[in-house]
Amino acid sequence: MDKNTLWGMLCMAAIFFGFMYCNRPSQEQLEAQRAAAGAQTSAATAPESAAALDSLTPSLEASLAEAIRTLGTTSDSAYVLEDGKFAVKLGGAGDLTGIVKVGANNVTVDDLRFPSSSKILPVVRAEALSEVSKLLAKVGKYRGFARNLGGENVATVIENEKIKLTINSRGGMISAVELKDYTTEVGEAPAPIQLFKGANDGYSFVLTTADQRLDTREFNFKPVVESDTSVMMTLDMADGAVWGIRYTLRPESYLVGMEVVQKGVSAVLPASTSSIDFNWHQTMARNEKGRVFEERNSAIYYKYVGDSPENLSETKEDSEELNGRIKWVAFKNQFFSSVLIPRTYFTSAGLNSRLLNDDPTYLKDMDMKSALPYNTADGAVAAFDFYFGPNDYPLLSKLSDQISPDEDLSLTRLIPLGWGLFRYINTWIVIPVFTFLSSFISSYGLIILLLTIFIKLIIFPFTFKSYKSQAKMRVLQPEIQEINDKYPGQENAMKRQQETMALYSRCGASPFSGCLPMLFQMPVLIAMFSFFPSAIELRGESFLWAKDLSAPDYIFTLPFSIPFYGNGVSLFCLLMTVVNVVYMHINMQNQPGGNSMPGMKWMMYIMPVMFLFIFNDYASGLSYYYFLSLLITIGQTWIFRHCINEKKVREQLLANAKKPRKKSGFMARLEEAQRQQQAMLRQQEAARGKGKRK
């Protein structure tokens, strides 16, 4: 350090301390300040520290300099405080006022406002300075947006015939969504379904520039009610600039339009701001009695533009980083979903789902952090549609025409109706019939009965053909037994098979004709397995002892838990199991040689017991359907047995055996394959014989 620099620093120090000495408060001023502080202490309703209120800043100039430096504004800024009230002159940004409350252990700032003018009061309280300095730093960070900091949160309600929205001024976001037509199935008393629940759920827009990160959660919006179904949440900035979010409800709809509109923000934000982030969090609450199945059907779904929807895992914690044009993201529950559909698309999204296994009230934590295009031009810069509603197939199938006529949104994929052929059966047959019946029948127990009869009528030809094939195989048992007696032993197994197949061919019977009809019935049974637990129409609908056909019909709870079964006892599941055992017994009697296969018989009885464990915690409507289906099948079997004269069937088969019969291509190929296999076995036995002689 040279001599000139040292002298310069000493002069600056002398001027600084001289200025402080000349401007120190007089004894009269100090006494007046102490008296004012004492009056403030006696009038305060909240407990405050007397020492804090009495302690005053010895140097107003030094405090002003620090506040201005932290704020980073022009030198004409001024900072004042008296009796808890302060005012800051922010130059071009306007005036900021507020109230500082000094407690025994904390300092808070309330009633933050930007009035048109402020009176400059020449007193600063030291305890409040650091807190207000932080506030001033935030004001400097948000600049034109800063006038929207603080203030009281105001709730605005808009509603239509379907939903009721509560929108908070703090963050300008939807804080509660109530579905008017649906109530929860958990809790002591029914309450309307709420898809958003205050502090547990929320979202925000985030604007990021080179030196700013503006999160709408930080600001207090001003609500401007445009109608009963529309409200504009605005942020007023300097020089007439406005940034806002408009919410609009459609009549008789679960759709909520959300538009980001702005005017004059190019004076506040740099023109290089080209994207905006949207962050969304939801803690998914329980709404159904059956937690296991509700949890199993809750997940985050998403869809890329032009692709089919995909989803995160329903049964474990999962996350996914998406890059590309994302058309929509949904937080899906078993029967209700919150779906966000941008009018354009998201350019990227990070999704995360976390299980809440130990929480009796909530199922999962779901998060989305996404980005979409943005510019600072005036007008509507981003637009979305929120769908808050039921997973109802007819309703979801119509949303594409309302929101995006040029693209199929595939929102019906939110309903798990099985994959491939099973889904087609549900969407083309089951759902239309179910919807038609429910349009004029109020009892869903009766609707399920009629639906079961309808499905049985469709597959009746296959069922009849299967039984008739079994009858043919059964009446040929004496001839098959003769073949078995004629060619005993393992060494004659191939010959027995050839002779048996030849007998079937001559008589016009086939062992496969009974299997194929059963295979045709399986897709229907599997499709129903997916349909009933997903049918929101059954939710809350009672029938007989079942209070909710979409949940298990537990008639009592055991004092202990059985592994893989639980402690609840479902009556429809028990009835289905009993009827299934009876059906298996009848079916074994109808099988050719059924009584001579005890091992197979016991294997067949294991399946109903397995169903008892599998279906105990499933929807009672599904167990009820299978119960009815099995009863009808038993009735059909009894009718077939009395309608089909097995004596005449045997006579016809034996008559067929005496006629010359051209072999079918399949039987010819089967016999040729058997001959080739038999020749190969003979060659192998001959080779082994030669090896032994050597």
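## A guided tour of a predicted model

In the protein chain, residues 24 or more positions apart account for 64% of the contacts with a separation of 6 or more. The model is predicted. Begin with the whole protein chain, which has 18 helices and 24 strands. Of its 694 residues, 46% count as buried. The accessible surface comes to about 35,100 Å², and carbon and sulfur atoms own 58% of that.

**Stop 1: an open sheet**

Select residues 155-159, which are strand β5, and residues 192-197, which are strand β8. These belong to an open sheet of four strands, in the order β5-β6-β7-β8, with antiparallel pairing. β5 and β8 are the edge strands, each pairing on one side only. From one strand to the next, the twist averages 20 degrees.

Now add residues 163-168, strand β6, which is joined to β5 by five bridges in the antiparallel sense. Which residue of β6 stands opposite Glu159? It is Lys164. In a regular strand the side chains alternate between the two faces of the sheet.

**Stop 2: strands β12, β13 and β14**

Select residues 230-236 for β12 and 242-249 for β13; these antiparallel strands are joined by seven bridges. Thr234 has Gly244 of β13 opposite. Then add residues 255-263, strand β14, which runs antiparallel to β13 and is joined to β13 by eight bridges. On this side, look for Tyr247 opposite Met258 of β14.

Between β13 and β14 the hairpin has five residues, and Glu252 takes a positive phi near 50 degrees there. Most residues other than glycine have a negative phi, and most peptide bonds are trans. Is Glu252 buried or exposed? Glu252 has a relative accessible area of 52%, and the cut-off for exposed is over 50%, so Glu252 counts as exposed. Show its surroundings as well: leaving out residues up to four places away in sequence, Glu252 touches Asn160, Glu161 and Lys162. Glu161 is 91 residues from Glu252 in sequence, but their C-alpha atoms are 5.5 Å apart in space.

**Stop 3: the largest nonpolar core**

Nonpolar side chains in soluble globular proteins tend to be buried together. Here the largest nonpolar core has 126 residues, and those touching the most other members are Tyr203, Trp243, Tyr247, Met258, Phe278, Leu451 and Phe531. Helix α16, residues 620-643, gives the most to this core, with eight residues. Tyr247 and Met258 were already selected as the opposite pair of β13 and β14.

Centre the view on Tyr203. Not counting residues up to four places away in sequence, the residues it touches include Met173, Ile174, Phe196, Tyr247, Met258, Phe278 and Phe386. Arg217 and Asn279 are also among the residues that Tyr203 touches.

Next, colour the aromatic cluster that Tyr203 belongs to: Phe196, Tyr203, Phe205, Phe221, Trp243, Phe278, Trp280, Phe331, Phe346, Phe384, Phe386 and Phe388.

**Stop 4: two aromatic pairs**

The structure holds 34 aromatic pairs. Select Phe293 and Tyr618, whose ring centres are 4.8 Å apart and whose planes are at 65 degrees. Why is this pair called edge-to-face? Planes over 60 degrees apart count as edge-to-face, so the 65 degrees of this pair qualifies. The pair links distant parts of the chain: Phe293 is in helix α6 (residues 291-296), and Tyr618, 325 residues away, is in the loop between α15 (598-615) and α16. Phe293 is buried, with a relative accessible area of 12%, and Tyr618 is buried at 12% relative accessibility.

Go on to Phe436 and Phe440, another edge-to-face pair, with 5.2 Å from centre to centre and 75 degrees between the planes. Both of these residues are exposed.

**Stop 5: three loops**

Select Thr376, in the loop between β21 (362-373) and β22 (379-390). At 9% relative accessibility, Thr376 is under the 20% cut-off and therefore buried. Leaving out residues up to four places away in sequence, Thr376 touches Gln262, Val265, Ser266, Leu269, Pro270, Ala271 and Thr273.

Then select Ser410, in the loop between α7 (393-403) and α8 (421-438). Phi of Ser410 is positive, near 55 degrees, and the residue is buried at 16% relative accessibility.

End at Leu544, in the loop between α13 (515-534) and β23 (554-562). Leu544 has a positive phi near 55 degrees. Is Leu544 buried or exposed? At 61% relative accessibility, Leu544 counts as exposed.

Terms used. Residues are numbered from 1 along each chain as its sequence is written. This is a predicted model: local features need pLDDT of at least 70, side-chain atom pairs count only at pLDDT 80 or more; totals for chains, interfaces and linings use all residues. Side-chain values use heavy atoms; hydrogens and water are left out. Two strands pair if DSSP finds at least two bridges between them. Helices (H or I, at least four residues) and strands (E, at least two) are DSSP runs, numbered from the N terminus. Buried means under 20% relative accessible area, exposed over 50%, partly exposed in between (1.4 Å probe, protein chains only). Contact means heavy atoms within 4.5 Å. Axes are lines fitted to C-alpha atoms, for helices over the stretch in contact, and angles run from 0 to 180 degrees between N-to-C directions. A nonpolar core is a set of buried Ala, Val, Leu, Ile, Met, Phe, Trp, Tyr and Cys residues joined through side-chain atoms within 4.5 Å. Accessible areas come from the Shrake-Rupley method with a 1.4 Å probe; for residues, only the protein chains shown count as cover. Rings of Phe, Tyr and Trp (its six-membered ring) pair if their centres lie within 6.5 Å; planes under 30 degrees apart count as stacked, over 60 as edge-to-face and the rest as tilted.
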